[in-house]
Amino acid sequence: MIEVRRDVAYAGPGSPALDLYLPPAPRALCLYLHGGGWRVGSRRDAPGGSFERIAAQGLAVATADYRLTAEATFPAQLDDVTAALAYLAGLGVPRLVAWGASAGGHLAALAALTTPPGSLAAVACWYAPTDLDALSRDVDAAGGSGDRTATSREGMLVGGALDAASDVVAAASPVTHARAEAPPFLFVHGTADVAVPLRQSERLAAALHGHGVPARVRQVPGGTHMFPGLPAAELDALVDETVAFLLVGSTRLFVGPDQGDPGQDDEAAG
């Protein structure tokens with residue numbers, strides 16, 4: 001039986017809220033962050049199936065809202081995620097992990113790399129931006145049309161055109177914060193993603209490898225952003241393998257087309 005607690009104001013009255021999905025004996029507690037280009041989205045947006053299905057595998061889930069760019073610019077979003085992690089740390093589940101999709105994956109990665117070492121035991125990022133300065137170039141290279149203006153999704157996040165806000169762009173980019181104390185990372189990314197190209201996951205994975213951190217890029221052949229059209233069974237398998245990774249922190253559990261560091265033994269990581 002999964003216990004569901006809704007509308008928890010994790011930073012006090014009036015703050016963004018989270019919902020909790022708690023199995024009877026959770027092996028870990030996951031902060032899940034939704035996508036939507038930092039502009040739209042809701043904590044009720046589940047990856048694949050449902051949060052109850054994820055929780056049934058022993059992974060408690062706290063799915064949190066954070067301030068969108070119409071309300072506030074960076075670092076408000078990261079401040080909200082950090083506050084949510086502080087709240088969850090007080091619930092007594094010994095293993096705290098994070099998972100995010102697209103913009104949520106960006107925030108999960110950023111939180112893992114800017115909070116005190118050991119705050120998170122593992123992080124999963126699905127098709128997430130990791131280098132905001134390089135994103136427009138990566139989009140161009142993938143066949144899209146990159147946008148560096150103030151009205152782009154990245155521009156709305158940082159509060160202006162990217163070329164006029166270079167310090168904020170760097171601060172808001174997970175690659176800037178790669179460090180040896182980072183937890184193991186799993187990246188899941190479609191090879192045909194034009195909105196946030198695969199190269200974005202590869203950039204952060206390479207930066208983490210440079211610090212000796214276990215990190216794997218799981219490629220989804222032909223997958224586009226948010227995996228529309230992916231057969232339900234394949235999407236469920238991606239969800240289940242991500243859950244398995246978060247429960248133990250080993251990227252070697254995640255099989256399939258990928259890029260990793262064959263010399264990195266991460267079986268005991270996290």
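**Close-up 1. Cysteines 30 and 125 in the predicted model.** A search of the whole structure, which is a predicted model, finds zero disulfides. A disulfide is a covalent bond between the sulfur atoms of two cysteines. The sulfur of cysteine 30 has its closest cysteine sulfur in cysteine 125, at 11 Å, and because a disulfide is counted within 2.5 Å, this separation is too far for a bond. Seen from the other side, the closest cysteine sulfur to that of cysteine 125 is the one in cysteine 30, again at 11 Å and too far for a bond. Cysteine 30 is buried, its relative accessible area being 1%, and cysteine 125 is likewise counted as buried, with a relative accessibility of 0%.

**Close-up 2. Strand E6 and its pairing with strand E5.** Strand E6, which covers residues 123-126, directs Val123 and Cys125 one way and Ala124 and Trp126 the other way, and all of these residues are buried. In a regular strand the side chains alternate between the two faces of the sheet. Strand E5, made up of residues 96-101, pairs with E6 in the parallel sense over four bridges. Alanine 98 has valine 123, in E6, as its bridge partner.

**Close-up 3. Helix H7 and the glycine that comes just after.** Helix H7 comprises the 13 residues 198-210, for which a rise of 1.5 Å a residue gives an expected span of 18 Å, and the 19 Å between its end C-alpha atoms agrees with that value. The residues of H7 that are buried include Leu198, Leu204, Ala205 and Leu208, and also Gln200, Ser201 and Glu202. Just after H7, glycine 212 takes a positive phi of about 80 degrees.

**Close-up 4. Serine 250 in a loop.** Serine 250 is found in the loop between helix H8, residues 232-248, and strand E9, residues 258-259. Serine 250 counts as buried, since its relative accessibility is 2% and the cut-off for that class is under 20%. Although serine 250 and proline 214 are 36 residues apart in sequence, their C-alpha atoms are 8.2 Å apart in space.

**Close-up 5. The largest pocket and its lining.** Rolling a probe the size of a water molecule over the atoms shows where empty space is left. The largest pocket holds about 230 Å³ of space. Its lining consists of 16 residues, among which Tyr32, Ala46, Ala101, Tyr127 and Met226 lie nearest the centre of the pocket. Sorted by class, the lining of this pocket has nine nonpolar residues, six polar residues and one charged residue.

Conventions:
Residues numbered from 1 in each chain as written. Predicted model: local features only at pLDDT ≥ 70, side-chain atom pairs only at ≥ 80, totals over all residues. Heavy atoms only, no water. Buried < 20%, exposed > 50% of the residue type's maximum accessible area, 1.4 Å probe, protein only. Helix = DSSP H or I, 4+ residues; strand = E, 2+ residues; numbered from the N terminus. Expected span 1.5 Å × (residues − 1). 1 Å grid on protein atoms, 1.4 Å probe; cavity = no way out; pocket = protein on both sides within 12 Å on 5 of 7 lines; lining within 4 Å. Points joined across faces, edges and corners; volume = space filled by probe spheres on them. Nonpolar A, V, L, I, M, F, W, Y, C, P; charged D, E, K, R; others polar. Pairing = 2+ DSSP bridges.
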